Amino acid sequence: MAKVAFIGLGVMGFPMARHLKAKGGHEVTVYNRTFTKAQDWAKTHGGTAMRTPREAAQGQDFVFACVGNDDDLRQVTLGADGAFAGMAKGAVFIDHTTASADVARELYAAAKAAGFGFIDAPVSGGQAGAENGALTVMCGGDGDVYAKAEPVIGAFARACRLMGPAGSGQLTKMVNQICIGGLVQALSEGIHFAQKAGLDVDGVIEVISKGAAQSWQMENRFATMNEGKFDFGFAVDWMRKDLSICLSEARRNGAQLPVTALVDQFYAEVQRQGGARWDTSSLIARLK
Ligand code: NAP
């Protein structure tokens with residue numbers, strides 16, 4: 001049992017913190033920008049709510065964060081009230097935000113200079129993965145620090161792996177998002193084509209999902225895509241944030257991402273259609 005803090009009780013963080021308490025058996029302190037949410041969490045699950053990230057981080061063995069983007073992450077870590085100001089020497093900060101590899105390296109260096117560890121640890125598996133404690137966690141950082149963190153992360157992970165030095169977790173998450181973008185567009189076009197061809201879409205998917213076209217997106221999203229329902233998790237706004245991170249990293253490392261760049265523009269069209277909070281399978285909506 002460890003003393004842990006969780007910063008950012010959103011769609012993902014709220015249930016992840018719950019697993020640290022219920023499954024991990026840890027003593028959990030929480031911080032959320034909207035304080036009432038932290039109070040609700042503490043009341044429901046039994047823990048302590050703090051008013052600043054610094055206070056939440058004080059005296060903890062592990063401090064977790066899951067906030068929005070690079071700027072949000074800097075806001076909860078740096079500065080007088082940031083978590084880093086409260087971190088004990090030898091403690092570990094584990095960041096589950098999907099952010100850039102740059103900010104991961106920057107915070108890793110700041111943590112190292114101050115005598116504590118930092119692991120970038122973005123997740124995949126969505127809201128359902130967080131609720132069920134079945135996330136995939138992709139980590140970057142030092143091996144000895146990761147070895148301490150892995151069993152604690154295990155409270156909400158189905159798979160957890162150290163991918164390399166600081167930033168490698170974020171780079172791996174970028175690969176994940178690159179693979180999803182083109183695939184969802186292809187699935188959208190397939191369903192759209194089947195509709196236009198007058199085929200029974202359920203029957204088409206039942207058959208082709210037994211063959212080489214099968215994918216997680218096909219299995220889990222085709223029925224709702226066919227019905228034009230897009231309320232099933234990861235939002236278009238978040239995806240555009242992630243694709244923008246991928247595209248800037250690719251500009252730097254020279255990777256060619258033509259389909260990812262195109263799909264990013266398609267998602268911009270979905271946003272203009274009013275779909276900013278729709279889930280990522282809403283790419284099919286712009287084909288109508
Ligand atoms: P969310 O529901 O919008 O929650 C975001 C959390 O961060 C909230 O607790 C919010 O506080 C806090 N926050 C945001 N900006 C902040 C700031 N400047 N200072 C302090 N706190 C701040 O988002 P989410 O869906 O949990 O996603 C969190 C991260 O996980 C994102 O990086 C996302 O890309 C990634 N992710 C999400 C999913 C998914 O399916 N949702 C899947 C994989 C990865 P308030 O309550 O005050 O707003």
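The domain assignment divides the protein chain into domain 1 (3-164) and domain 2 (171-287). The model is predicted. Taken over C-alpha atoms, the centres of domain 1 and domain 2 lie 29 Å apart.

The interface between the domains was examined next. On one side, 13 residues of domain 1 make contact; on the other, 11 residues of domain 2 do. About 960 Å² is buried between domain 1 and domain 2. Carbon and sulfur atoms give 61% of that area. Polar terms were also counted. Between domain 1 and domain 2, 4 residue pairs are in polar contact, both residues being at pLDDT 80 or more. The rule finds 1 salt bridge across this interface. Two elements, helix 5 and strand 7 (123-124), each give two or more residues to the side of domain 1 that touches domain 2. The largest share of that side comes from helix 5, with 3 residues.

Salt bridges were then considered over the whole structure, which holds 12 of them. Arg252 pairs with Asp102 in one such bridge, and the closest N and O atoms are 3.1 Å apart. A separate bridge joins the side chains of Glu227 and Lys229, at 3.0 Å from N to O. Lys229 has a relative accessible area of 45%, so Lys229 is classed as partly exposed. Shared partners also produce a network: salt bridges join Asp102, Arg105, Glu249 and Arg252 into one group.

Arg74 takes part in two of the pairings described here, with Asp71 and with Glu106. In the bridge between Asp71 and Arg74, the closest N and O atoms are 3.7 Å apart. Both residues belong to helix 4 (residues 70-77). Asp71 and Arg74 are separated by about one helical turn because they are 3 residues apart in that helix. An α-helix has 3.6 residues a turn, so residues three or four places apart point the same way. Asp71 counts as partly exposed because its relative accessibility is 47%. Arg74, at 28% relative accessibility, also counts as partly exposed.

The bridge from Arg74 to Glu106 has an N to O distance of 2.8 Å. Arg74 lies in helix 4 and Glu106 in helix 5 (residues 101-114), so this pair ties together parts that are 32 residues apart in sequence. Glu106 has a relative accessibility of 33% and therefore counts as partly exposed.

Helix 7 was examined for the placement of its buried and exposed residues. This helix spans residues 143-153. Val145, Tyr146, Ala149, Val152 and Ile153 are buried there. These five residues are on the same side of helix 7 because they cover an arc of only 120 degrees around the axis. Asp144, Ala147 and Pro151 are exposed, and they lie on the other side of helix 7.

Taken together, the charged pairs connect elements at several levels. Asp71 and Arg74 pair within helix 4. Arg74 and Glu106 tie helix 4 to helix 5. Helix 5 in turn supplies 3 residues to the side of domain 1 that touches domain 2.

Technical notes: Residues are numbered from 1 along each chain as its sequence is written. This is a predicted model: local features need pLDDT of at least 70, side-chain atom pairs count only at pLDDT 80 or more; totals for chains, interfaces and linings use all residues. Side-chain values use heavy atoms; hydrogens and water are left out. A salt bridge is a side-chain nitrogen of Lys or Arg within 4 Å of a carboxyl oxygen of Asp or Glu. Helices (H or I, at least four residues) and strands (E, at least two) are DSSP runs, numbered from the N terminus. Buried means under 20% relative accessible area, exposed over 50%, partly exposed in between (1.4 Å probe, protein chains only). The arc is that of the directions from the helix axis to the C-beta atoms. Domain bounds come from an automatic or database domain assignment. Contact means heavy atoms within 4.5 Å. Buried area is the accessible area (1.4 Å probe) that two parts lose on being put together, summed over both. A polar contact is a pair of N or O atoms within 3.5 Å; within protein, one must be able to donate a hydrogen and the other to accept it, and residues adjacent in sequence count only if both atoms are side-chain atoms.
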